[in-house]
Amino acid sequence: MPEGHTLHRLAQALDTAFAGTRPSAASPQGRFEDGAALLDGREVIAASAWGKHLFMEFAGDQWLNVHLGLIGKFSVASYDLERDGVPPVRGQVRLRLLTTTHVADLRGAIVSQVVTPDQVDDIVARLGPDPLRTEQDPDRAWARISKSGRSFAELLMDQSILAGVGNVYRCEVLFRHRIDPFRPGKEIRRQTWQLVWDDLVRLMPLGVAFNQIITMEDQVEKAELRVAQGRVPELAVVDTDSARRARPGPAGVLAAAVAAVVGDERAADLADESDEGDVDEIDDDEPEDETPASSRFAGVTRGPRVSGTSRRGGFRRKYAVYRRQGEPCRVCGSKIRTKVVAGRNMFWCGRCQRRR
Ligand SMILES: [Zn+2]
């Protein structure tokens, strides 16, 4: 299941591709015809994410709400109409948004619906604070955690308590602070919760920027340095399922790329690390860090803004505990253990993780 950073990155890609345009909307598969009809030809105001929920605001108070679930994909790509024509529909596309320059195809999501502003409020009200959004109140999560008899590891995965954190961030952040995953929330110290929140606020924007969960401290520091220097990941395919399966499409259509942008630093500046020939840059004239005036809820995605989804994050995939069961702990050498918690495999070091 994609974690919050993937949804925030997707929201930025959709926003870059469609904000201010009036895409046609259709349901080639036929299962979203009514929803598509409501959106067809309307101006896109903005796209944003809260936890694992994606929201795309259209003119006239129509909001597209998507939750990808386990197998959903929402790909966003630029294409050259004159050169290649409209990209062909492949597979079961529930919703296609199309302009003369961009196409977005939604497949397999567990939630795809057009909702009213009041319904948007209701959905967001059921979600906990999101470490990837500004203007969040971690005390709202603490109010629930500190009263709960459920394990801290389980609470971190409860989207109504904390939004956007999935299994990888959960396991890794618990190890980073040596926290006992099985302590009930009510036995966790307030200071421990604050450490976890602050660390997620630090780590998750790097996940957005590099399209990769980065939790090993040496890699975190390198990633932060690259952000501070305005060095962004490789030029990007705007395609949520491309990270591990990047493939050239017919005439490069679906592999059309945009430049990932950090602040106003163009990824094209990193031409030596990229193949500029494949790049189809999107104009990004908007001021950075601007909250859309029409945004239904306060706050924006933290950290550098990116406009694409990287082909790869650029860091070796390496974790402290996640999927390392039976391997030695990198700190103490004990075997990393695993157990199902909140429906997902929890990984932890029984010797190191004692803090509450
Ligand atoms: Zn250990």
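Biologist: Is the crossing of H7 and H8 left-handed or right-handed?

Modeller: The crossing of H7 and H8 is right-handed. The label applies if the near helix is turned clockwise from the far one by less than a right angle; anticlockwise would be left-handed. Bear in mind that this is a predicted model, where local features need pLDDT of at least 70, side-chain atom pairs count only at pLDDT 80 or more, and totals for chains, interfaces and linings use all residues. Residues are numbered from 1 along each chain as its sequence is written.

Biologist: Why is H7 called oblique to H8?

Modeller: The axes of H7 (residues 167-176) and H8 (residues 190-210) come within 10 Å and cross at roughly 125°. Under 35 degrees counts as roughly parallel, over 145 as roughly antiparallel, 65 to 115 as roughly perpendicular, and the rest as oblique. So H7 is oblique to H8. The angles run from 0 to 180 degrees between N-to-C directions, with axes fitted to C-alpha atoms.

Biologist: Which residues make the contact?

Modeller: H7 brings Tyr169, Val173 and Arg176, while H8 brings Val196, Asp199, Leu200, Leu203 and Met204. Contact here has a cut-off: C-beta atoms, placed from the backbone, lie within 7 Å. By class, the H7 contact with H8 has 6 nonpolar, no polar and 2 charged residues.

Biologist: On to the sheets. What makes E2 and E8 edge strands?

Modeller: The open sheet has 4 strands in the order E2-E3-E4-E8, with antiparallel pairing. E2 (44-50) and E8 (111-115) each pair on one side only, which is what puts them at the edges. From one strand to the next, the twist averages 15°.

Biologist: How do you know that E4 and E8 pair?

Modeller: DSSP has to find at least two bridges between two strands, and 5 bridges join E4 (residues 62-67) to E8. His67 stands opposite Val111 in E8.

Biologist: Which strands are at the edges of the E1-E6-E7-E5 sheet?

Modeller: That open sheet also has 4 strands and antiparallel pairing. Its edges are E1 (24-26) and E5 (73-78), and 6 bridges join E5 to E7 (residues 102-107). Strands, by the way, are DSSP runs of E with at least two residues, and helices are runs of H or I with at least four, numbered from the N terminus.

Biologist: How confident is the predictor in the chain?

Modeller: On the pLDDT scale, from 0 to 100, the chain's mean is 83, and 80% of its residues reach 70 or more. Over residues 234-294, though, the pLDDT is below 50. Where pLDDT is low, the predicted coordinates should not be read in detail.

Methods: Two residues are in contact if their C-beta atoms, placed from the backbone, lie within 7 Å. Ala, Val, Leu, Ile, Met, Phe, Trp, Tyr, Cys and Pro count as nonpolar, Asp, Glu, Lys and Arg as charged, and the others, Gly among them, as polar.
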